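Thanks for coming. I have one chain to go through this morning, and I will take the overall picture before the side chains.

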Amino acid sequence: EAPAGLLVSANVLINGTYHQRLFEDLIEMRLRHQRNVIAVRKAFPEYVKKDGHEIIITESGESFRGMVRDDIKDNDENKITVMMTADDPRSQQRRRLFAKGVANQLISEEVKQFEATYDMDNLF
C-alpha cells in the first residue's frame, strides 16, 4: 500500500485502483521526445544559437533568448540523454528537492525510485 500522500498526488480512485497509464514505457517516450526535439532543431537551425539556447521572434520582430535545459541542448542523434532534470546550478532552487512539504517529498521519492530502477551510468 502506497502512502496516502502518494495516492492523492497520483489521482488514485477511491476504490484503490489506478487510472490507466498513458505511457507504459516512460524511457521510450522520453527518447521519442528527444528525437523529435533534435529533428526540429535541425530543421530550423536559424532559431538555435551557438550556445544551444533558442531564439524566439515575436510577430512585432522582437527577439528573445529561450533558455533550453542542458540535457536537451546537448543532445544529438549519437548521444541522447533521457534524464530530464533542471540544470545543476539551478536545480535546488528551481525544484526545491530538499525543501519540506508533501509535494517535494513525493518528487524526491520518485527520483530515488527511478534511480534505483535504472542503472544511471549505463542507461543508453
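Accessible area here is the area found by the Shrake-Rupley method with a 1.4 Å probe. On that basis the chain exposes about 9900 Å², and carbon and sulfur atoms supply 53% of that area. Please keep in mind that this is a predicted model.

Let me start with the layout. The secondary structure comes to five helices and two strands. Read from the N terminus, the order of the elements is α-α-β-β-α-α-α. The chain has 124 residues, and buried residues make up 23% of them. As for contacts between residues at least 6 apart in sequence, 36% join residues at least 24 apart.

Now the interior. Which residues make up the largest nonpolar core? That core has six residues, namely Ile27, Leu31, Ile38, Ile80, Val82 and Phe114. Helix α2 gives the largest share of this core, with three residues. As general background, nonpolar side chains in soluble globular proteins tend to be buried together.

Next, the charged pairs. How many salt bridges does the structure hold? There are four, and I will go through some of them.

Take arginine 41 and glutamate 54, whose side chains meet in a salt bridge at 2.6 Å, N to O. This pair links distant parts of the chain, with arginine 41 in helix α2 and glutamate 54 in strand β1, 13 residues apart. Is arginine 41 buried or exposed? Arginine 41 is buried, because its relative accessible area is 13% and the cut-off for buried is under 20%. Its partner, glutamate 54, has a relative accessible area of 29% and is therefore partly exposed.

Another salt bridge joins the side chains of aspartate 51 and arginine 65, at 2.8 Å, N to O. Aspartate 51 sits in the loop between α2 and β1, and arginine 65 is in strand β2, residues 63–66, so the pair ties together parts that are 14 residues apart in sequence. Aspartate 51, at 35% relative accessibility, counts as partly exposed. Arginine 65 is also partly exposed, with a relative accessible area of 45%.

Then there is the salt bridge between the side chains of arginine 35 and glutamate 28, at 3.9 Å, N to O. For a salt bridge the nitrogen has to be within 4 Å of the carboxyl oxygen, so this pair qualifies. Arginine 35 has a relative accessible area of 44%, which makes it partly exposed. Glutamate 28, with 30%, is partly exposed as well.

Last, the aromatic side chains and the surface. The structure holds one aromatic pair. It is made by phenylalanine 44 and tyrosine 47, with 6.5 Å from centre to centre and 50 degrees between the planes. Why is the pair called tilted? Because planes under 30 degrees apart count as stacked and those over 60 as edge-to-face, a pair at 50 degrees is left as tilted.

Phenylalanine 44 is placed in the loop between α2, residues 26–43, and β1, residues 54–57. At 43% relative accessibility, phenylalanine 44 counts as partly exposed, and tyrosine 47, at 36%, is partly exposed too. Both rings also belong to a nonpolar surface patch of about 380 Å², made by Val40, Phe44, Tyr47 and Ile57.

That is the end of my part, and I can take questions now.

Key
Residues are numbered from 1 along each chain as its sequence is written. This is a predicted model: local features need pLDDT of at least 70, side-chain atom pairs count only at pLDDT 80 or more; totals for chains, interfaces and linings use all residues. Side-chain values use heavy atoms; hydrogens and water are left out. Patches are made of residues with over 30% relative accessible area and no salt bridge: like charges are joined within 9 Å, nonpolar side chains (Val, Leu, Ile, Met, Phe, Trp, Tyr) within 5 Å. Helices (H or I, at least four residues) and strands (E, at least two) are DSSP runs, numbered from the N terminus. Buried means under 20% relative accessible area, exposed over 50%, partly exposed in between (1.4 Å probe, protein chains only). Contact means heavy atoms within 4.5 Å. A nonpolar core is a set of buried Ala, Val, Leu, Ile, Met, Phe, Trp, Tyr and Cys residues joined through side-chain atoms within 4.5 Å. Rings of Phe, Tyr and Trp (its six-membered ring) pair if their centres lie within 6.5 Å; planes under 30 degrees apart count as stacked, over 60 as edge-to-face and the rest as tilted.
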